[in-house]
Amino acid sequence: MNNAAPPLRAIYGGTFDPIHYGHLKPVEALAQQAGLARVTIMPNNVPPHRPQPQASSEQRSAMVALAIADRPLFELDERELRRATPSWTVETLSEIRREAGPKQPLAFIIGQDSLLTLPQWHRYETLLTLCHILVTRRPGYPLSMKTPANKAWLKRHLTQDIHELHQRPAGRILLADTPELAISATAIRQRLALRQSCDDMLPPAVQAYIQRQGLYQ
């Protein structure tokens, strides 16, 4: 009888307005480091912590699909785009945990900037009962949290043991050693509004779609 744990399943949420190399390349490096065979990209519909996206749900989904068409690591999950209510990460992960069962190793991928604001997320203390958290580097952000209580919380859950992530269903945080790319969706939108090139920031298919749709003008 085979009692081996199922492969670690990773979910990468965000606004993706638009999706760009700063999203894709660090997660590809993370997948190498953490032994991920598949990463599910899950755009949110009504992000509760930030301004609402300029592109529609349909446009952002289309851009993700174009960006990952030649990247077999990734797949697209549109479940949050089908909601009209705020995309509370903890509720989505609860739903995925119910689907996957209690033994499936699950991970949620966030950037270093999001780690620093994690205590402000809805029911953030519940997240690690549902999944691991894998953190990619972002230039200009510290690796520590602000308050002593949050620093202690982070230290308590940190691991560098990749095997542990694959064997346990949830509960650990990995600070991954990923490339720090100074690319942001805000900067891309600003450049596009000024008719400046974003060739080094966006997959060509995404840039062509933006031009066809007249986005971010």
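A polar contact is a pair of N or O atoms within 3.5 Å. The exercises below concern a predicted model.

**Exercise 1. The surroundings of D17**

Determine where D17 lies, whether D17 is buried or exposed, and which residue its side chain joins in a polar contact.

*Solution.*

Step 1. Locate the residue in the chain: D17 belongs to the loop between β1 and α1.

Step 2. Consider its accessibility. A residue counts as buried under 20% relative accessible area. The relative accessible area of D17 is 5%, so D17 is buried.

Step 3. List what D17 touches. Beyond residues up to four places away in sequence, D17 touches P53, Q54, A55, R60, A185, R189 and Y216.

Step 4. Identify the polar contact. The side chains of D17 and Y216 are joined by a polar contact of 2.6 Å, a value to be set against the cut-off of 3.5 Å.

**Exercise 2. The order of the strands**

Give the order of the strands in the open sheet and state which strands stand at its edges.

*Solution.*

Step 1. Recall how a sheet is held together. Strands of a sheet pair through backbone hydrogen bonds, either parallel or antiparallel.

Step 2. Read the order. The open sheet has 6 strands, arranged as β3-β2-β1-β4-β5-β6, and the pairing is parallel.

Step 3. Find the edges. β3 (74–76) and β6 (173–175) each have a single partner strand, so one side of each has no neighbour in the sheet.

Step 4. Add the twist. With direction ignored, neighbouring strands of this sheet are turned by 25° against each other on average.

**Exercise 3. Pairing and burial of β2**

Describe how β2 pairs with β1 and with β3, and decide which of its residues are buried.

*Solution.*

Step 1. Take the pairing with β1. β1 and β2 are parallel and share 5 bridges. Within this pairing, Y12 stands opposite I41, and G13 stands opposite M42.

Step 2. Take the pairing with β3. β2 and β3 are parallel and share 3 bridges. Here V39 has F74 of β3 as its bridge partner.

Step 3. Compare the two faces of the strand. V39, I41 and P43 point one way from β2, while T40 and M42 point the other way, and all are buried. This agrees with the count for the strand, in which 5 of 5 residues are buried.

Step 4. Continue to the next strand in the sheet. β1 also pairs with β4 in the parallel sense, over 4 bridges, and I11 stands opposite F108 in β4.

**Exercise 4. The largest nonpolar core**

State which residues of the largest nonpolar core touch the most other members, and which element gives the most residues to this core.

*Solution.*

Step 1. Name the central members. The largest nonpolar core has 38 residues, of which I19, L36, V39, I41, M63 and I109 touch the most other members.

Step 2. Trace the contributing elements. Those giving two or more residues are β1 (9–14), α1 (21–34), β2 (39–43), α2 (57–68), β4 (106–111), α8 (185–193) and α9 (204–213). α1 gives the most, with 6 residues.

Step 3. Examine one member. Leaving aside neighbours within four places in sequence, I19 is in contact with L24, I41, M63, V64, A67, L202, P203 and V206.

Step 4. Note a further core. Apart from the largest core lies another of 23 residues, including L106, L128, C131 and L154.

**Exercise 5. The buried faces of α8 and α9**

Explain why the buried residues of α8 and of α9 can be assigned to one side of each helix.

*Solution.*

Step 1. Begin with α8, whose buried residues are A185, I188, R189 and L192. Seen down the axis, these residues fall within an arc of 100°, so they line one face of α8. What covers them includes α9.

Step 2. Turn to α9, in which V206, Q207, Y209 and I210 are buried. They cover an arc of only 160° around the axis, which puts them on the same side of α9. α2 and α8 are among what covers them.

Step 3. Consider the opposite face of α9. The face turned away from the buried side carries the exposed residues P204, Q211 and R212.

Step 4. Look just past each helix. R195 follows α8 and has a positive phi, near 65°. G214, just after α9, takes a positive phi of about 65°.

Methods. Residues are numbered from 1 along each chain as its sequence is written. This is a predicted model: local features need pLDDT of at least 70, side-chain atom pairs count only at pLDDT 80 or more; totals for chains, interfaces and linings use all residues. Side-chain values use heavy atoms; hydrogens and water are left out. A nonpolar core is a set of buried Ala, Val, Leu, Ile, Met, Phe, Trp, Tyr and Cys residues joined through side-chain atoms within 4.5 Å. Buried means under 20% relative accessible area, exposed over 50%, partly exposed in between (1.4 Å probe, protein chains only). Contact means heavy atoms within 4.5 Å. The arc is that of the directions from the helix axis to the C-beta atoms. Two strands pair if DSSP finds at least two bridges between them. Axes are lines fitted to C-alpha atoms, for helices over the stretch in contact, and angles run from 0 to 180 degrees between N-to-C directions. A polar contact is a pair of N or O atoms within 3.5 Å; within protein, one must be able to donate a hydrogen and the other to accept it, and residues adjacent in sequence count only if both atoms are side-chain atoms.
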